[in-house]
Amino acid sequence: MARRGRPPVAPADAGQPARHLSEDEELALALQVARAYYLDDESKVAIADRFGITRFQAARLLTVAREAGMVHIDVRPPGGVDHDLSARLQSALGVRRAVVVSSLGAVTPLEVVAGALAREVADVVSAGDVVGLAWSRATISMINQLTHLEPCSLVQLGGHVEIAGLPGTVEIVRRAAEISGGTAYPIYAPLVVQDAHTAASLRTQPAISAALEMFSRLEVAVVSIGGWMPSGSTIFDSSPEPLRRRAAEEGVVGEISGRLFDRNGQPLPHLLDDQIVGISLDELRRVPQLLVTSYGAHRADATLAAARSGLVKTLVADRALAEAVLDRA
C-alpha cells in the first residue's frame with residue numbers, strides 16, 4: 001500500500017486515483033531531490049516546480065533521503081586552519097605537513113584539533129588500508145566527529161587505557177570500524193602492566209599477537225604526544241611517583257603510547273618499555289602516514305623532541321602549541 005504523502009506521478013483521470021510511486025521509485029526521486037537541495041542549493045519551491053510535486057512533498061522526500069542514509073549532515077566545531085602558522089611550524093620542525101587550527105568562542109582547542117584530525121584521517125585512508133589508533137582524548141573526539149572512513153582494518157596500537165567517563169581503547173577502535181565498515185583488531189590487555197613477565201606473556205596470546213603482527217602492515221597511524229608532567233600525559237598521571245621522578249631525572253620530556261623519550265628525541269626503553277603491550281617507536285617511524293596530535297603550550301618541548309626523533313610526519317596542533325614551539329625552535 002502506498003504511504004501517505006507519497007507524490008503521484010500522474011494526475012487523477014476520469015475519477016480514477018493517481019498512480020503513486022513504488023518504494024524504489026520514491027527512493028530514486030528522493031535521491032534526485034536531495035542532490036538538488038544539498039549539492040545544487042536549489043530551493044524547495046524550485047525543486048517542486050522541476051519535478052512536478054508540491055513543496056511539502058519535496059520536504060518529505062528530503063526526510064526520506066536522510067532516513068535512507070543518502071544524506072550525511074556534518075556539523076563541526078568552528079575554527080579554521082592558519083595556513084601561515086602551519087607553514088612556519090612545518091619548516092621549524094622539519095616535518096612533512098603541519099596543520100595549525102584556531103578555536104573560536106567556547107569551543108576547546110581539543111575539539112578543534114580533533115576535528116582537523118578527522119578530516120586528515122578521512123583524506124589519507126584508502127580502501128583496504130591497515131589503520132592504527134592509539135588512545136588519547138584527541139582520538140576520542142576525532143571518532144565522535146568522523147562521519148566517513150573508507151573500508152579498512154582498524155588496529156589497536158596499544159593495550160587498553162581507561163579514564164573514568166571516557167571510552168576505552170577497545171571501544172575507540174570498534175567505533176572506527178563501525179564507521180568504516182571494516183574489521184577491528186583490539187588488544188584485550190592493559191597498555192601498561194605491572195611487570196615485564198606479565199607483558200611478555202600477554203604478547204604471546206593469539207588474539208593479542210594477531211594485532212601486534214599487523215603493526216608491520218600499517219599504512220596510517222594516529223597517535224598523540226604526551227608531555228611528561230601533570231595533566232600533560234595520561235601515562236604520567238597514572239604512573240607511580242618513583243617512575244615519574246626517575247624519568248624526570250633521566251631527562252624524559254614526553255611519551256607516545258607509553259614509550260618515553262628525552263629532549264633530543266632519544267628513546268629511554270629501560271624505564272617502561274618492557275611493561276608496555278603495544279607498538280614501539282621504531283615501528284611507528286616506519287608507518288607511511290603517521291598522524292600526530294599535540295595541543296597546549298605545555299607540550300612544546302615534547303613536540304620538538306618527537307619531531308627530532310622522526311616520530312612526526314603530519315602534525316595537527318593548536319595555535320598555542322605552534323607559537324610555543326616556534327619560540328623555542
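**Briefing: salt bridges, a helix pair and a buried strand residue**

Arg88 and Asp84 sit four residues apart in helix 4 (residues 83-93), about one turn of the helix. They form a salt bridge, with the closest N and O atoms 4.0 Å apart. The model is a predicted one. It holds 14 salt bridges in total. Several are set out below, followed by one helix pair and one strand residue.

**Salt bridges within a helix**

- Side chains of opposite charge can pair when their charged atoms come close.
- In the helix 4 pair, Asp84 counts as exposed because its relative accessibility is 51%, over the 50% cut-off.
- Its partner Arg88, at 44% relative accessibility, counts as partly exposed.
- Helix 7 (residues 169-180) holds another pair, Glu171 and Arg175, again four residues apart, about one turn of the helix.
- The closest N and O atoms of Glu171 and Arg175 are 2.7 Å apart in this salt bridge.
- Glu171 has a relative accessible area of 36%, so Glu171 is partly exposed.
- Arg175 is partly exposed too, with a relative accessible area of 27%.

**A salt bridge between distant parts of the chain**

- Asp273 forms a salt bridge with Arg259, the closest N and O atoms being 3.3 Å apart.
- This pair links distant parts of the chain, 14 residues apart.
- Arg259 belongs to strand 9 (259-262), while Asp273 is in the loop between strand 9 and helix 12 (281-285).
- Arg259 has a relative accessible area of 7% and is therefore buried.
- Elsewhere, Asp82, Arg319 and Glu323 are joined into one network by salt bridges that share partners.

**Helix 2 against helix 3**

- Helix 2 (residues 44-51) packs on helix 3 (residues 55-67) at an angle of about 100°, the axes lying 8 Å apart.
- The two helices, helix 2 and helix 3, are therefore roughly perpendicular to each other, since angles of 65 to 115 degrees count as such.
- Helix 2 contributes Lys44, Val45, Ile47 and Ala48 to the contact, and helix 3 contributes Arg55, Ala58, Ala59 and Leu62.
- By class, this contact has six nonpolar residues, two charged residues and no polar ones.

**Thr314 in strand 11**

- Thr314 lies in strand 11, which covers residues 314-318.
- Thr314 counts as buried because its relative accessibility is 3%, under the 20% cut-off.
- Beyond its neighbours within four places in sequence, Thr314 is in contact with Arg97, Glu120, Leu290, Leu291 and Val292.

Notes. Residues are numbered from 1 along each chain as its sequence is written. This is a predicted model: local features need pLDDT of at least 70, side-chain atom pairs count only at pLDDT 80 or more; totals for chains, interfaces and linings use all residues. Side-chain values use heavy atoms; hydrogens and water are left out. Buried means under 20% relative accessible area, exposed over 50%, partly exposed in between (1.4 Å probe, protein chains only). Contact means heavy atoms within 4.5 Å. Axes are lines fitted to C-alpha atoms, for helices over the stretch in contact, and angles run from 0 to 180 degrees between N-to-C directions. Angles under 35 degrees count as roughly parallel, over 145 as roughly antiparallel, 65 to 115 as roughly perpendicular and the rest as oblique. Ala, Val, Leu, Ile, Met, Phe, Trp, Tyr, Cys and Pro count as nonpolar, Asp, Glu, Lys and Arg as charged, and the others, Gly among them, as polar. A salt bridge is a side-chain nitrogen of Lys or Arg within 4 Å of a carboxyl oxygen of Asp or Glu.
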